[in-house]
4 protein chains.
Amino acid sequence: MKLRNSVLGLLGLLLAGPAVVRGQTGNVVHYTTTIDNVKYLFATVEPVARLKSGDILDTNTLDCFGNALKKPGDTPGMSKGDNPLAGPFFVEGAEPGDTLAVKILDLQVDGDTGVGALSPGFGAINATNYTPMLHSPLPERVWFYPIDRAANVAIFKALDSDFSVKIPMHPFFGCIGVAPVNGEARSSIVPAEFGGNLDSPEASVGNTVYFPVNVRGGLFYIGDGHAAMGDGEIAGTAIEVPLKARVQLSVIKGRTIAWPQFENDNAIMTVGAYRPLDDAVRIAFTELVHWIHKDYGMSELDAYELLSKVGRVHLNEMVDPNYVVVASIEKKYLPAKKK
Amino acid sequence: MKLRNSVLGLLGLLLAGPAVVRGQTGNVVHYTTTIDNVKYLFATVEPVARLKSGDILDTNTLDCFGNALKKPGDTPGMSKGDNPLAGPFFVEGAEPGDTLAVKILDLQVDGDTGVGALSPGFGAINATNYTPMLHSPLPERVWFYPIDRAANVAIFKALDSDFSVKIPMHPFFGCIGVAPVNGEARSSIVPAEFGGNLDSPEASVGNTVYFPVNVRGGLFYIGDGHAAMGDGEIAGTAIEVPLKARVQLSVIKGRTIAWPQFENDNAIMTVGAYRPLDDAVRIAFTELVHWIHKDYGMSELDAYELLSKVGRVHLNEMVDPNYVVVASIEKKYLPAKKK
Amino acid sequence: MKLRNSVLGLLGLLLAGPAVVRGQTGNVVHYTTTIDNVKYLFATVEPVARLKSGDILDTNTLDCFGNALKKPGDTPGMSKGDNPLAGPFFVEGAEPGDTLAVKILDLQVDGDTGVGALSPGFGAINATNYTPMLHSPLPERVWFYPIDRAANVAIFKALDSDFSVKIPMHPFFGCIGVAPVNGEARSSIVPAEFGGNLDSPEASVGNTVYFPVNVRGGLFYIGDGHAAMGDGEIAGTAIEVPLKARVQLSVIKGRTIAWPQFENDNAIMTVGAYRPLDDAVRIAFTELVHWIHKDYGMSELDAYELLSKVGRVHLNEMVDPNYVVVASIEKKYLPAKKK
Amino acid sequence: MKLRNSVLGLLGLLLAGPAVVRGQTGNVVHYTTTIDNVKYLFATVEPVARLKSGDILDTNTLDCFGNALKKPGDTPGMSKGDNPLAGPFFVEGAEPGDTLAVKILDLQVDGDTGVGALSPGFGAINATNYTPMLHSPLPERVWFYPIDRAANVAIFKALDSDFSVKIPMHPFFGCIGVAPVNGEARSSIVPAEFGGNLDSPEASVGNTVYFPVNVRGGLFYIGDGHAAMGDGEIAGTAIEVPLKARVQLSVIKGRTIAWPQFENDNAIMTVGAYRPLDDAVRIAFTELVHWIHKDYGMSELDAYELLSKVGRVHLNEMVDPNYVVVASIEKKYLPAKKK
């Protein structure tokens, strides 16, 4: 049973405010996100709800266009803003220097259609604001993806021929992060040390994401749901969808990290977010070497050598203001974790 | 039975010259590579053997150190040169503007020990010749990897603690390529349009590699066998091993390509090799869009959009003079190939 | 006579608030910057003073360490924050879509000693937060530069030998900018579209800087004075000094720009601020082509060709979170400006 | 009097082979370059002439199009190859590990017209082979520059309007270099450790260029004369001209360098040639720190700090396969050179 459908969930929806259900693995806090309560910045502002460490947040997110594109002819210009965010959510006890752990428990596509769009000035192999050229921009185009939830597929339909094909869905948050350090406020299209628009398919069910806590309460945000995405998100969008979500938020006191990390039963993963990609890869792998050294006790040079043999890199996106990669190693290659 | 062990194979070994066995799927040409007949350049020089289109080359390669590192205390400085190459092999009928198809039929690790090494000035997260810094270099280190061919694993043994772990083997050629265009001669540590030191795990059994033919006969080279490698080859080496190899060389007349490509039953793949990684990714994906457009008939914008949803990128290496990625799409997402 | 020394200037100093002197070329608004009223963000916050378009701002700035390093043994860690800013200053009539013109009238070094520092994790040829490596960091070092205002020189004194040399002073603002677009707040170490920590020696007497107005009033900030700086500011600092400054702020209604620009009698100049440097250069030159096309009537291709023959690029810095270049062309190479 | 006009010079021209005039500052070797004896590679091939250390080479170079573009309507496609080179010239006594010093004594534009061209796939702010995009290419265009040698100017004439402007000439070699190390052969469009297509305006009269000697005799090449060029050579060409040239070639025994260097009475300069520009700048500045440390006795950290205050960077080009910068420091800022 999804908690989202519970009576209290409906109550939360009606009140447009948080409601709390106490349970075994932490209380469940319902919060309903609408176009009227979204944010467009990762920033230190008044929280929309407060959770205790271990509580489960049960909420929903709008798609990257604020659910504004419904039918052929609709264009990205109809959006009130890119990447509307749910939040921020305050987690009690989180203080600067701690780590916020976000365990992703459930993600469901919240609609019947996904959207993809080619927007002038955005993309990996066309001229952009940050890699400008003298060419005329590519034309604006929008693709709609009918969603078959029973079959867990979204359907690509070519615009210039009659080809269509089914794409398996793997829902994840494009945006997931916390308030930045030092009072910065960053647009929801930016990925950086605070997370943000990471566009990491790793932000999906079964994985835990770790963020540095930069301000009291951490101030957690989510949004920009994706039903599926190619590596690099090269044309600038994934299959953009609203999501229904349950995530568990926990504070890890006294553990300090510089960049987001992912973990599941099988692997540890580090995020690098910068330009050029060379530097994003350097960030992710130095973080991974340090993590292995610190928690698993290998020397840094042994860890470096081992990663050169079994490490993995996943290019998440190469279109946002910073580019994002995830470096990882399977735990089966590591010594036992230090106590 | 491996042809390498046949009487004619032994004869070829004794003569240190090519021998030909005619067979159904093409003749088999045996060639024995030794430290005395290797090359250190991808260049237009006298071929060591000539094959007909469709012939199978049955040969062996030395490891990236010329098999010079045998035991603890041996160092990379004992190598006569990096990445000694077998070849070049002349393929009859190959003319500039054609494509050379190399189907990898069999690869076997040809030894009991693999080698990994950290060399000052080489690596993704230490100062190098092309990303120099004022820091003192990291120390030189060598790791030996005992190989268990029956179990198909190589064993990592930490130098600074007593940890060891088994790594599944996936043998592939680090170096595979042809003579460059316009008379250039490039060191065997360089990956570029002619292939070369691609360090692509995609250069393994079951895949076909396509190269542009730049000179008469194509002049094919292989070397730098790897038993396993992490994405990015970040410390500068894979598990370096000699290989025994069988590959089929075929000329595709009139098909012209700009960069190497891979293909198997499930996917088409394109290579981008440059710095920064941003440009390597741009090369690979524009090549892939053009390939899909040309052979599968989708418009370029539809192909761009589709790749943004289902495309994949594999970082091969970020340590050589150019960085290498492979972009790919599974054929199941493509329309039927045009006739 | 410097207005800063006038009675009203002293009054302004006593009141620590703005005072206005009405004059021919615009009123003069005095504002005294102290460690207690500085900001560390380019952001939309309450202005410290309001000016009319055409008014002259007469103020002072602290050095990048908040004037905290005074003598040998003092370290950057004694600073309360990097790059404390004077401001923000509200300019009446400035609305989003307008351009703010800042004419730099006078800059004087406000002290007897400049400071340079090597800080671990900051610099162009050592490992940093965004180009991390596994090496141990370079040591922290501080150099003090005695200033001879009469001779207009600062004196470099080597720490590891007894060499010293005089460096001519060319005072400029390292930080100069406005509130960012879309509600972003950026650290005062960041250069970007809003200006910020540009570290542009072009921000000096005789030049006018143009900024996009992103919020009502523009919200102008200055700080991080430099007595002299090498191209790239490669070790991470210039000769860091407090400044006394007079600048004239004017609103250009209806002129919209995307990136900061400089202009003087002889040249037009455009700023590119991003990573890698390749993209910073692309930004600056596309902006310059567009400017020439728009204001001087040349076709874009003619402008591109002409810049390839007479354009200039000045690397400002390669150490901040974005790298900054200024591209320029002398006006003598351009047609008459369009009316 | 120019030696080029001497009787023996004319004799050398008639014979189309080298002739030697012995003189005070070294013998003068005349060599006449024609489209029939040019090279298109920096490589180890048979020299066209041999000089003693200290001899003066008196020769000429063709423009980057082999002098093929003469009049409106002519296009780059009429060229037999890009950047035809004069040479190679063997310098007796030069052995690997030595340095070749090339003092540029005289450069004269050898014609009445210069050429500029926009070629699809080449340029800093249009899509290229190594930064490909999905846009249609910019159109091919050719500009002719009438040359007034008496006034020392070339004249830019806009194609799309009737504007024209005079550009002061500063002749220099776009291509200048030696045979690469390890048997490599590189296209004459490539700049790298061996020099090559550096497009450095520093390669002009009054400066000495130093190259690493990689093969016996050094094998010196020159070509690709430029009458004037903007920083970055952003549209892909300078004002392309044939040159008449006198350069003095000297061997510095036992001095080993890794990258080209420039020097004149006022400054020492180092070359960095790679992608992205970030790495080119890192190469140039680490080389400069090491040079200052080795020859002028400052500690590396003091040199780093001093360069951060008075160092200069000149972007030479951002269009060739590698990007080139020159970092420099004026000698007046350095201690006395060590004996």
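This briefing describes how the chains of the structure meet, how chain A is divided, and how two helices pack within the chains. The model is predicted, and every statement below should be read with that in mind. In the contact between chains B and A, 52 residues of chain B touch 52 residues of chain A, while in the contact between chains A and D, nine residues of chain A touch nine residues of chain D. Chain A is divided into domain 1 and domain 2, and helices α2 and α3 of chain A pack against each other at an angle of about 125 degrees.

**Chains B and A**

- The interface of these two chains brings 52 residues of chain B into contact with 52 residues of chain A.
- On the side of chain B that touches chain A, the elements giving two or more residues are the strands β8 (113-118), β9 (141-148), β11 (164-168) and β21 (312-317), together with the helices α2 (277-296) and α3 (300-310), of chain B.
- Among these elements, α3(B) gives the most to that side of chain B, with nine residues.
- Sorted by class, the side of chain B that touches chain A consists of 31 nonpolar, 11 polar and 10 charged residues.
- A turn of 180 degrees, with a shift of 0.0 Å along the axis, lays chain B on chain A with an RMSD of 0.0 Å.
- The C-alpha of B:L277 is the one in chain B nearest the axis, and it lies 2.8 Å from that axis.
- Because 100% of the interface residues of chain B are also interface residues in chain A, the copies meet through the same surface.

**Chains A and D**

- Chain A is superposed on chain D, with an RMSD of 0.0 Å, by a rotation of 180 degrees that has 0.0 Å of shift along its axis, and this is the relation of a two-fold axis.
- Of the residues of chain A, A:H135 comes closest to the rotation axis, its C-alpha being at 3.3 Å.
- The contact here involves nine residues of chain A and nine residues of chain D, and the side of chain A that touches chain D has seven nonpolar, two polar and no charged residues.
- As 100% of the interface residues of chain A are also interface residues in chain D, the copies meet through the same surface.

**The two domains of chain A**

- Domain 1 of chain A is made of two stretches, 3-117 + 166-252, whereas domain 2 covers 261-333.
- The C-alpha centres of domain 1 and domain 2 of chain A lie 24 Å apart.
- Between the domains of chain A, 20 residues of domain 1 are in contact with 18 residues of domain 2.
- Strands β14 (191-192) and β16 (208-212) of chain A each supply at least two residues of the side of domain 1 that touches domain 2, and the largest share of that side, three residues, comes from β16(A).
- By class, this side of domain 1 of chain A holds nine nonpolar, seven polar and four charged residues.

**Helices α2 and α3 in chain A**

- Helix α2 (residues 277-296) and helix α3 (residues 300-310) of chain A pack at an angle of about 125 degrees, with their axes 9 Å apart, which makes α2(A) oblique to α3(A).
- The crossing of α2(A) and α3(A) is right-handed.
- From α2(A), the residues A:F285, A:L288, A:V289, A:I292 and A:H293 make the contact, and from α3(A) they are met by A:E300, A:A303, A:Y304 and A:L307.
- The residues of this contact in chain A divide into seven nonpolar, one polar and one charged.

**Helices α2 and α3 in chains C and D**

- In chain C, the axes of α2 (residues 277-296) and α3 (residues 300-310) come within 9 Å and cross at roughly 125 degrees, and α2(C) and α3(C) are therefore oblique to each other.
- α2(C) passes α3(C) in a right-handed crossing, with a contact that includes C:F285 and C:L288 of α2(C) and C:Y304 and C:L307 of α3(C).
- In chain D, the axes of α2 (residues 277-296) and α3 (residues 300-310) come within 9 Å and cross at roughly 125 degrees, which makes α2(D) oblique to α3(D).
- α2(D) passes α3(D) in a right-handed crossing, and among the residues that make the contact are D:V289 and D:I292 of α2(D) and D:E300 and D:A303 of α3(D).

Terms used. Residues numbered from 1 in each chain as written. Chains lettered and ligands numbered in written order. Predicted model: local features only at pLDDT ≥ 70, side-chain atom pairs only at ≥ 80, totals over all residues. Contact = placed C-beta atoms within 7 Å. Helix = DSSP H or I, 4+ residues; strand = E, 2+ residues; numbered from the N terminus. Nonpolar A, V, L, I, M, F, W, Y, C, P; charged D, E, K, R; others polar. Domains from an automatic or database assignment. Least-squares fit on C-alpha atoms with pLDDT ≥ 70 in both. Axes fitted to C-alpha atoms, helices over the stretch in contact; angles between N-to-C directions. Parallel < 35°, antiparallel > 145°, perpendicular 65-115°, else oblique. Left-handed = near helix turned anticlockwise from the far one by under 90°.
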